[in-house]
Amino acid sequence: MYQDITRLNHIINDVYALVAKRHHTSIQSVERTIRVAIEITWLRGDMDEIMCIFHNTVDGRKARPTNKEFIALIVDYLNIEHM
């Protein structure tokens with residue numbers, strides 16, 4: 001998982017702010033929208049595919065990851081795929 005949590009926090013805050021500005025909304029709205037998208041993915045998504053992407057880093061049968069955890073997992077996945 002992404003090791004530099006402080007840097008990840010800054011990146012996420014910057015991304016939320018950029019998306020909020022671009023779409024004329026609040027940072028809280030962006031965060032909430034991402035949270036809802038993750039929740040829907042966990043409830044309705046293909047758990048086999050989710051586990052294929054995230055391997056043993058998440059348990060699809062239990063609680064979904066937080067926004068920060070999900071973004072860190074995606075960053076790690078993309079870094080591995082593009083090595």
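This is a guided tour of a predicted model, with a suggestion at each stop of what to select and a description of what is there.

**The whole chain**

Begin with the full chain in a cartoon view, where four helices and zero strands can be found, so that the order of elements from the N terminus reads α-α-α-α. If you then colour the chain by accessibility, buried residues make up 23% of the 83 residues. With a surface switched on, the chain exposes about 6300 Å², and carbon and sulfur atoms supply 56% of that area. Among the contacts in the chain with a separation of 6 or more, 46% are accounted for by residues 24 or more positions apart.

**Helix H2**

Next select residues 27–44, which form helix H2. This helix has 18 residues and reaches 26 Å from its first C-alpha to its last, close to the 26 Å expected at 1.5 Å a residue. Show the side chains of Ser 29, Val 30, Ile 38 and Trp 42, which are buried in H2, and then bring back the surroundings, since what covers these buried residues includes H1, H3 and H4.

Stay in H2 and centre on Ser 29. Its relative accessible area is 16%, and because the limit for buried is under 20%, Ser 29 counts as buried. Which side chain does the side chain of Ser 29 meet in a polar contact? Selecting Thr 25 shows the partner, with the contact between the two side chains at 3.3 Å.

**The loop between H2 and H3**

Moving along the chain, select Asp 46, which sits in the loop between H2 and H3. Asp 46 is partly exposed, with a relative accessible area of 47%. Add Asp 48 to the selection and display its backbone, because the nitrogen to look for belongs to the main chain: a polar atom of the Asp 46 side chain lies 3.0 Å from the backbone nitrogen of Asp 48.

**The salt bridge**

The structure holds one salt bridge, and to see it you should select Arg 64 together with Glu 39, whose closest N and O atoms are 2.7 Å apart. This pair links distant parts of the chain, with Arg 64 in the loop between H3 and H4 and Glu 39 in helix H2, 25 residues apart. Are these two residues buried or partly exposed? Arg 64, at 27% relative accessibility, counts as partly exposed, and Glu 39, with a relative accessible area of 32%, is partly exposed as well.

**Helix H4**

Now select residues 67–81, the 15 residues of helix H4, which should span 21 Å at 1.5 Å a residue; the end C-alpha atoms are 21 Å apart, which agrees. Showing side chains here, pick out Asn 67, Phe 70, Ala 72, Leu 73 and Asp 76, the buried residues of H4. To see part of their cover, display helix H1 (5–22), helix H2 (27–44) and helix H3 (47–54), which are included in what covers them.

**The aromatic pair**

For the last stop, keep Phe 70 and add Trp 42, both of which are buried. A search of the whole structure finds one aromatic pair, and it is made by these two residues: the ring centres of Trp 42 and Phe 70 are 6.4 Å apart and the planes stand at 80°, so the pair is edge-to-face. Trp 42 lies in helix H2 and Phe 70 in helix H4, so the pair ties together parts that are 28 residues apart in sequence.

Methods:
Residues are numbered from 1 along each chain as its sequence is written. This is a predicted model: local features need pLDDT of at least 70, side-chain atom pairs count only at pLDDT 80 or more; totals for chains, interfaces and linings use all residues. Side-chain values use heavy atoms; hydrogens and water are left out. Helices (H or I, at least four residues) and strands (E, at least two) are DSSP runs, numbered from the N terminus. The expected span of a helix is 1.5 Å times one less than its number of residues. Buried means under 20% relative accessible area, exposed over 50%, partly exposed in between (1.4 Å probe, protein chains only). Contact means heavy atoms within 4.5 Å. A polar contact is a pair of N or O atoms within 3.5 Å; within protein, one must be able to donate a hydrogen and the other to accept it, and residues adjacent in sequence count only if both atoms are side-chain atoms. Rings of Phe, Tyr and Trp (its six-membered ring) pair if their centres lie within 6.5 Å; planes under 30 degrees apart count as stacked, over 60 as edge-to-face and the rest as tilted. A salt bridge is a side-chain nitrogen of Lys or Arg within 4 Å of a carboxyl oxygen of Asp or Glu. Accessible areas come from the Shrake-Rupley method with a 1.4 Å probe; for residues, only the protein chains shown count as cover.
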